[in-house]
Amino acid sequence: MIEIERKFLVNSNNFKAEAFKQTRIIQGFLSTDKKRTVRVRLKGEMGYLTIKGESSKNGLSRFEWEKEIAKAEAKQLLALCLEEVIDKVRYEVKVGNHIFEIDEFLGLNEGLVVAEIELNSENEHFIKPYWLANEVTGDVKYYNSQLSQFPFSKW
């Protein structure tokens, strides 16, 4: 239940031509405390409740627990969330043996595009596609929980 991921900014929209899947995601937060984040997500026709723990010092890993819930339940829980929700389109792109999830943010975070890759270990090798830009792993302003409170449009 430990999530290990690296996060990067994206320098072009070329990833869209390589995507094998595209999904709209709406998510809100019941808690944005840095020691425990509680998220409600609508991803396509599915709902999810996720709890994440505090990130490690290098920002690469943290506890994550996720449970699939009914879409109707997710909608009801979204109504209880903190004011700003995250609205984004997620593109999935296979690169080598890994899948990059690229989030193109909408609404108050429009203009921000971030790619994430989940790894099995902090030192795992992966191929970096040409559309990756600066790494922002561990930079809390790029956490979705922070983007809901301090949107990209207000930076």
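Asp 87 is buried in this predicted model, with a relative accessibility of 18%, a value that falls under the 20% limit for burial. Its salt-bridge partner is Arg 24, and the closest N and O atoms of the two are 2.6 Å apart. Because Arg 24 belongs to strand S2 (residues 21-33) and Asp 87 to strand S6, this pair ties together parts that are 63 residues apart in sequence. Arg 24 itself is partly exposed, at 47% relative accessibility.

Side chains of opposite charge can pair in this way when their charged atoms come close. The whole structure holds 13 salt bridges, and some of them share partners: Glu 3, Lys 52, Arg 62 and Glu 64 are joined into one network. Within this network, Glu 3 bridges to Lys 52 with an N to O distance of 3.4 Å. Glu 3 is in strand S1 and Lys 52 in strand S4 (residues 46-53), so their bridge ties together parts that are 49 residues apart in sequence. Glu 3 also meets Arg 62 in a salt bridge, here at 3.8 Å, N to O. Arg 62 lies in strand S5, so this second pair links S1 to a part of the chain 59 residues away in sequence. What is the burial state of these charged residues? Glu 3 counts as buried at 6% relative accessibility, Lys 52 is buried at 10%, and Arg 62 is buried at 14%.

Strand S5 (residues 61-69) also contains Phe 63. Phe 63 is partly exposed, with a relative accessible area of 32%. Together with Met 1, Ile 2, Ile 51 and Trp 65, Phe 63 forms a nonpolar patch on the surface, and the accessible area of the patch is about 480 Å².

The interior comes next. The largest nonpolar core has 17 residues, and those with the most contacts inside it are Val 10, Phe 15, Phe 100, Ile 102, Ala 115 and Trp 131. Strands S1 (2-10), S6 (86-95), S7 (98-105) and S8 (113-118) each give two or more residues to this core. S6 provides the largest share, 4 residues.

Which residues does Phe 100 contact, leaving aside its neighbours within four places in sequence? Among them are Tyr 91, Glu 92, Val 93 and Val 95, then Ala 115, Glu 116 and Ile 117, and further along the chain Phe 126, Ile 127, Pro 129, Trp 131 and Leu 132. A second, separate core has 8 residues, including Leu 112, Val 136, Tyr 142 and Leu 147.

Definitions and conventions:
Residues numbered from 1 in each chain as written. Predicted model: local features only at pLDDT ≥ 70, side-chain atom pairs only at ≥ 80, totals over all residues. Heavy atoms only, no water. Core = buried A, V, L, I, M, F, W, Y, C linked by side-chain atoms within 4.5 Å. Buried < 20%, exposed > 50% of the residue type's maximum accessible area, 1.4 Å probe, protein only. Contact = heavy atoms within 4.5 Å. Patch = residues over 30% accessible without salt bridge, like charges linked within 9 Å, V, L, I, M, F, W, Y side chains within 5 Å. Areas by Shrake-Rupley, 256 points an atom, 1.4 Å probe, with all protein chains shown as cover. Salt bridge = Lys/Arg side-chain N within 4 Å of Asp/Glu carboxyl O.
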